[in-house]
Amino acid sequence: QVQLVESGGGSVQAGGSLRLSCAASGLTSSSYCMGWFRQAPGKEREGVAFVAPDGSTHYADSVKGRFTISIDKVKNILFLQMNSLKAEENAMYYCAARRRPPYGCFESTRPALYNYWGQGAQVTVSS
């Protein structure tokens, strides 16, 4: 049974940094696409950053250069380092996973394609 458990959320001032962690069990990162999504109140869930089994990464344009996704394959922990946070990035952040499809992890990153979700970690950025 796949389980994803996020940690590391919290409050920070605009311009600050936070690192989110997602402990994964019941899956091997060598077979799964993994990613981070976020959802602000009243808005749709959106993809933020993704990592494929081969270690390649993909980012939403809005976070390129500021966020970094990484994975500890030994411990099966997914990370999201967030720097230069903006007030509009207040949201619940979720990690997610799905089996790598034949066409790869980044052809589509729609939330509906992801089967497994963590419970979420709140990130609050004050201006």
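**Figure 1. An aromatic cluster in the predicted model.** Phe37, Phe50, Tyr94, Tyr114 and Trp117 together make up one aromatic cluster. The coordinates shown here and in the following views belong to a predicted model. The count of aromatic pairs comes to seven. Two of these pairs, Phe37 with Phe50 and Tyr94 with Trp117, are shown in the close-up views that follow.

**Figure 2. Close-up of the pair formed by Phe37 and Phe50.** A pair of aromatic rings is described by the distance between the centres and the angle between the planes. The ring centres of Phe37 and Phe50 are 5.3 Å apart. Their planes stand at 80°, and because an angle over 60 degrees counts as edge-to-face, the pair of Phe37 and Phe50 is placed in that class. Phe37 belongs to strand β4 (residues 32-39), whereas Phe50 belongs to strand β5 (residues 46-51). With their positions 13 residues apart, the pair links distant parts of the chain. Phe37 has a relative accessibility of 0% and therefore counts as buried. Phe50, with a relative accessible area of 2%, is also buried.

**Figure 3. Close-up of the pair formed by Tyr94 and Trp117.** The rings of Tyr94 and Trp117 form an edge-to-face aromatic pair, with 6.3 Å from centre to centre and 80° between the planes. Tyr94 is located in strand β9 (residues 91-99) and Trp117 in strand β10 (residues 116-117). The two residues are 23 residues apart, and their pair links distant parts of the chain. Tyr94 has a relative accessible area of 14% and is therefore buried, whereas Trp117, at 27%, is partly exposed.

**Figure 4. Arg45 over the rings of Tyr94 and Trp117.** Arg45 lies over the face of Tyr94, at 3.9 Å from the centre of that ring. The charged end of Arg45 also sits over the ring of Trp117, where the distance to the ring centre is 4.7 Å. Tyr94 and Trp117 are themselves an aromatic pair, and both belong to the aromatic cluster.

**Figure 5. Close-up of the disulfide between Cys22 and Cys95.** The sulfur atoms of Cys22 and Cys95 are 2.0 Å apart and form a disulfide. The torsion about this S-S bond is about 45°, so the disulfide is right-handed. Cys22 lies in strand β3 (residues 18-25) and Cys95 in strand β9; at 73 residues apart, they link distant parts of the chain. Cys22 has a relative accessibility of 0% and counts as buried. Cys95 likewise counts as buried, at 0% relative accessibility. Strand β9, which holds Cys95, also holds Tyr94 of the aromatic cluster.

**Figure 6. Close-up of the disulfide between Cys33 and Cys105.** Cys33 is joined to Cys105 by a disulfide with an S to S distance of 2.1 Å. The torsion about the S-S bond is -85°, and the link of Cys33 and Cys105 is left-handed. Cys33 is found in strand β4, whereas Cys105 is in the loop between β9 and β10. This pair, 72 residues apart, links distant parts of the chain. Cys33 is buried, with a relative accessible area of 0%, and Cys105 is buried, with a relative accessible area of 3%. Strand β4, which holds Cys33, also holds Phe37.

**Figure 7. Disulfide pattern of the protein chain.** The count of disulfides comes to two. With bonded cysteines counted along the chain, the disulfides follow the pattern 1-3, 2-4.

Key:
Residues numbered from 1 in each chain as written. Predicted model: local features only at pLDDT ≥ 70, side-chain atom pairs only at ≥ 80, totals over all residues. Heavy atoms only, no water. Phe/Tyr/Trp six-rings, centres within 6.5 Å; stacked < 30°, edge-to-face > 60°. Helix = DSSP H or I, 4+ residues; strand = E, 2+ residues; numbered from the N terminus. Buried < 20%, exposed > 50% of the residue type's maximum accessible area, 1.4 Å probe, protein only. Lys NZ or Arg CZ within 6 Å of the ring centre and 35° of its normal. Disulfide = S-S within 2.5 Å.
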